[in-house]
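User: I would like to learn how to read a few features of a protein model, beginning with the backbone and ending with the ligand. Could you take me through them one at a time?

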Amino acid sequence: MSTPNHKIRLLLELRGTGVTDTRVLSAIERVPREIFVPAALRDRAYENTPLPIGLGQTLSQPTVVGLMTQALELQPKSKVLEIGTGSGYQTSVLALLARRVYTIERHRPLLGEAEKRFRQMSIHNVTSRFGDGWKGWPELAPFERIIVTAAPEEVPQALLDQLAPGGIMVIPVGPAGDQRLLRIRRGEADLLFTTEELTMVRFVPLVEGMPDAAEGGR
Ligand code: SAH
């Protein structure tokens, strides 16, 4: 199948912003972003822009998905935890590059939609859960990779605790308007954390606890 022009343009844009890992680029090429956006925005699916997915949440900009995925240094055997399933787009990209992806979302309607898309795409290595990702998924820890797609003001301790020795976490941290994308590596032997700042980003906040009726949750 040939790649349509709008997709080629997006892939060039990804390279331009430093996404050069060919495995990451080909995963992004293979995931049809149009099925993750509301019908009314489908013709904008390959623009390099974040798009609203309902309940005040957004599907991240493709270059940010690319940079975060690349920063994770996924291995085919990686066991990954993702916080903030949202539309399931980032999850699907991860699922093509890792052995298994565990993903948590605190808005049940978004999770339901994302799960439908995983089935539609015949993705079978994703396990998803409705819950508060602030606490991670302790029953299944440790994880070799952790990716957080909403921004807390500080890295949640539970997530640090659940990162395997030699593991990598990619997480946006900071208040609205001043968020930095961090890559945190955990030492294989000494278990110590080393933090690198990758770039400035803009994410919805990582909210603690579950939504109430006013927030549109259930
Ligand atoms: N990766 C997503 C982007 C989702 S936006 C995508 O590709 O579409 C961030 C998501 O994080 C939102 O869906 C929001 O509901 C979710 N979120 C925020 N705080 C959370 C928490 N404490 N636990 C789980 N999910 C959370």
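Analyst: What follows goes through the backbone, two helices, a loop and the ligand shell, and it should be kept in mind throughout that this is a predicted model.

User: Which peptide bond is cis, and where is the proline that it joins found?

Analyst: The general idea is that most residues other than glycine have a negative phi, and most peptide bonds are trans. In this structure a cis bond, with omega at about 0°, joins Ala 141 and Pro 142, and Pro 142 belongs to the loop that runs between strand 5 (126–130) and strand 6 (143–148).

User: What is the phi of Leu 55, and what is the phi of Ser 122?

Analyst: Leu 55 is not a glycine, and yet its phi is positive, at about 55°; this residue sits in the loop between strand 1 (51–54) and strand 2 (57–59). Because its relative accessibility is 32%, Leu 55 counts as partly exposed. Ser 122, also a residue other than glycine, has a positive phi near 55°, and its place is the loop between helix 5 (108–120) and strand 5.

User: How should I read the sides of a helix, and which residues of helix 2 are buried?

Analyst: The idea is to list the buried residues and then to look down the axis, where buried means under 20% relative accessible area. In helix 2 (residues 22–30) the buried residues are Val 24, Leu 25, Ala 27 and Ile 28. Viewed along the axis of helix 2, these buried residues fall within an arc of 160°, and therefore they line one face of the helix. The face turned away from that buried side carries the exposed residues Thr 22 and Arg 30.

User: What covers the buried residues of helix 2, and which residue caps its N-terminal end?

Analyst: The cover includes helix 1 (5–16), helix 3 (62–71) and helix 4 (89–97). The cap at the N-terminal end of helix 2 is Asp 21, which has a side-chain oxygen 2.9 Å from the backbone nitrogen of Arg 23.

User: How many residues of helix 4 are buried?

Analyst: Eight of the nine residues in helix 4 are buried, so that this helix is mostly covered; among them are Tyr 89, Gln 90, Val 93 and Leu 97.

User: Is Ala 176 buried or exposed, and where does it lie?

Analyst: Ala 176 counts as exposed because its relative accessibility is 75%, and its position is in the loop between strand 7 (163–173) and strand 8 (179–186). Although Ala 176 and Pro 205 are 29 residues apart along the chain, their C-alpha atoms are separated by 7.5 Å.

User: Which residues come nearest to the ligand, and which atoms are paired with its oxygen and nitrogen atoms?

Analyst: One begins with the shell of residues and then turns to individual atom pairs. The ligand has 25 residues around it, of which Ser 87, Glu 105, Asp 132, Gly 133 and Val 207 come nearest. A polar backbone atom of Gln 90 is 3.2 Å from an oxygen atom of the ligand, a backbone N or O atom of Arg 106 lies 3.4 Å from a ligand nitrogen, and a polar side-chain atom of Thr 149 lies 3.2 Å from a nitrogen atom of the ligand. Taken alone the ligand exposes 580 Å², and the protein buries 100% of that.

User: Which element gives the most to the shell, and how do the shell residues divide?

Analyst: Strand 2 gives the most, with three residues, while the elements that give two or more are strand 2, helix 4 and strand 4 (100–105). The shell residues divide into 10 nonpolar, 11 polar and four charged.

How values were computed. Residues numbered from 1 in each chain as written. Predicted model: local features only at pLDDT ≥ 70, side-chain atom pairs only at ≥ 80, totals over all residues. Heavy atoms only, no water. Helix = DSSP H or I, 4+ residues; strand = E, 2+ residues; numbered from the N terminus. Buried < 20%, exposed > 50% of the residue type's maximum accessible area, 1.4 Å probe, protein only. Arc of directions from axis to C-beta. Contact = heavy atoms within 4.5 Å. Polar contact = N/O pair within 3.5 Å; in protein donor to acceptor, adjacent residues only side chain to side chain. Near = heavy atom within 4 Å. Areas by Shrake-Rupley, 256 points an atom, 1.4 Å probe, with all protein chains shown as cover. Nonpolar A, V, L, I, M, F, W, Y, C, P; charged D, E, K, R; others polar.
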